[in-house]
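Reader: Hi! I'm new to this one and would love a friendly tour. Could you put it up so we can look together?

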Amino acid sequence: MYQAPRGTADLLPEEQKYRRYIESKAVALARSYGYGRIDSPVFEDAGLFVRSVGEGTDIVEKEMYTFEDRGGDLVTLRPEGTAPVCRAYLEHGMHNLPQPVRMYYFCPVFRYERPQAGRFRQHHQFGVEVLGDANPAVDAEVIELAWRLMHSLGLTDIELFINSIGDGESRPQYIEELKSYYTQRLAALCQDCRSRLERNPLRLLDCKVENCRGIGETAPRSVDHLDPESLDHWEKLQSYLSAMDIPYQVDHRLVRGLDYYSRTVFEIQPLDAGAQSTICGGGRYDGLIEQLGGRPTPGIGFGSGLERLTLNLKRSGVEVPDEPSPSYLVANVGDDARLHALELASRIRRAGAGAILSSGSRALRGQMRQANALGIPYVLILGDDEISRGEVVIRDMATSTQETASLTDFLRSLESNGQ
RNA sequence: GCGAGCGUAGCCAAGAGGCCUAAGGCGCCUGUCUGUGGCACAGGAGAUCACGGGUUCGAAUCCCGUCGCUCGCCCCA
């Protein structure tokens, strides 16, 4: 038998309410901040991600689904949400729109990883991007949006971590300093950290190994090596967050695994953090548009994993509303009744209400059971007697009461309710 | 990519070499109730015991491999 590919999952009907819930909250919030939706293709030219995410990153080096299509083009299944939005910004000349341009998206994301709790090969993200405004007030707005999204979902036991990793000017100097600090302590470092030293020095700070952690505590901090403008940006961001009553913690070890970030980076995590705990992560990427061939254009955004959000909703016992059942189930007894039931169900739907046509192959008892199991509030009963009199029995399942009405009256009241 | 645990019907599971033509529960279907749900009782359907190979007179049970899931690392949402 076939199974869904490793690291992928079917989202079954009974799970959809979580996805629907998150989407409706996220859309409402994004729209209230003036964001417009964008949908980009599931696959892109492979080069887009190599250039934006960065050649040395894990994502590009070993996690991308890249293949040659039948025409010989090298394409990649989207491994993250930001680069395609930036590509679209450039492709559609959005710099001619009033700046900044605010966009949000929902999309599947693909990374060839080893699956475990909260980590998949295909997952889904909600994300936002703001392009064309370098002001720290925008950083604060984006972070506030992320923070308020979590709260509107009912996730309140969460923490916000922020850091600044400097810009293209100051970062190389900081990285050099970091390297020399770690090089002096090379003997005490774990194997991974030794290779990180050359490959991705910023990640040294994030090592979980006990020894390296200790070394990281006293390592040079990026915020102490900011150029004057980045420092100003950093300080303003913090004062803005405070002004909006958003509690945050500065985490000097917070770095992110994508090369395009500059200045502000942030993450939101649940308090009882497990391994794959980050439910929202983002940052500023002022050099990215230029990197992709555009004019220098600042940008900032975040991504949030829908599967991880769902996991946390379940863990925290947040009540998510069920998707409503249709109001009516049309039960029928006898071959003649089937035709009339079909017609009645159709007319109910045309009047704008929901109806399920019961398979009349079972006894009425079985049809009632089905209505009960499906949570249908009203059962309409059609048998030979009702049909010959042009009537229908309307049973209210919650109160176990029922009345007989004429079909035309019933449909008329349905239509007037619909308007 | 590395380390550890697990894999018995749609779901939860008993089972530890022969008494397994695999217990029980949930769910599903039917009946008790000739046209009326939720409760109860009775019955029924549903499993090549993840897959492949091996050991043995005999394997769900032991061994090996593969696949999948879970947990940790790495990395990230």
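Reader: Thanks! In what order do the strands of the open sheet run?

Author: Happy to help. This is a predicted model, and in it 8 strands form an open sheet in the order β1-β5-β6-β11-β10-β9-β7-β8. The pairing is mixed.

Reader: Which ones are the edge strands?

Author: Those are β1 (36–37) and β8 (249–250), each of which pairs on one side only.

Reader: And how do β6 and β11 pair, parallel or antiparallel?

Author: Antiparallel, over 7 bridges. Strand β6 covers residues 122–131 and strand β11 covers residues 299–305. If you look at Leu 131, its bridge partner in β11 is Gly 299.

Reader: What lies across β5 and β6?

Author: That's helix α1, residues 16–32. Its direction is at about 160° to β5.

Reader: Back to Leu 131 for a moment. What does Leu 131 touch?

Author: Leaving out residues up to four places away in sequence, its contacts include Val 85, Cys 86, Tyr 89, Met 103, Tyr 285 and Ile 289. Gly 299, the bridge partner, is also among the residues it touches.

Reader: Which residues have the most contacts inside the largest nonpolar core?

Author: Leu 131 and Tyr 182, in a core of 45 residues. Among the elements giving two or more residues to this core are α4 (82–91), β5 (101–110) and α6 (170–183). There is also a second, separate core of 44 residues, which includes Leu 153, Leu 309, Leu 313 and Val 318.

Reader: Why would nonpolar side chains be buried together?

Author: It's a general tendency of nonpolar side chains in soluble globular proteins.

Reader: New topic: the RNA. How many residues surround RNA strand B?

Author: 42 residues surround the strand, and the closest are Arg 111, Arg 203, Arg 256, Gly 257 and Ser 400.

Reader: Which element gives the largest share of the surface near RNA strand B?

Author: That would be α13, with 5 residues. Others that supply at least two residues there include α3, β6 and β11, so two of the strands we paired up earlier appear again.

Reader: What part of RNA strand B does Gln 125 approach?

Author: A polar side-chain atom of Gln 125 lies 3.1 Å from a sugar or linking oxygen. For Thr 278, a backbone N or O atom lies 2.3 Å from a sugar or linking oxygen of the strand. Gln 402 approaches a base oxygen instead, with a polar side-chain atom 3.0 Å from it.

Reader: And how much of what lies within 4 Å of the protein is sugar or phosphate?

Author: Of those RNA strand B atoms, 49% belong to sugar or phosphate, and the rest belong to bases.

Definitions and conventions. Residues are numbered from 1 along each chain as its sequence is written. Chains are lettered from A and ligands numbered from 1 in the order in which they are written. This is a predicted model: local features need pLDDT of at least 70, side-chain atom pairs count only at pLDDT 80 or more; totals for chains, interfaces and linings use all residues. Side-chain values use heavy atoms; hydrogens and water are left out. A nonpolar core is a set of buried Ala, Val, Leu, Ile, Met, Phe, Trp, Tyr and Cys residues joined through side-chain atoms within 4.5 Å. Buried means under 20% relative accessible area, exposed over 50%, partly exposed in between (1.4 Å probe, protein chains only). Helices (H or I, at least four residues) and strands (E, at least two) are DSSP runs, numbered from the N terminus. Contact means heavy atoms within 4.5 Å. Two strands pair if DSSP finds at least two bridges between them. Axes are lines fitted to C-alpha atoms, for helices over the stretch in contact, and angles run from 0 to 180 degrees between N-to-C directions. A residue is near a molecule or strand if one of its heavy atoms lies within 4 Å of it. A polar contact is a pair of N or O atoms within 3.5 Å; within protein, one must be able to donate a hydrogen and the other to accept it, and residues adjacent in sequence count only if both atoms are side-chain atoms.
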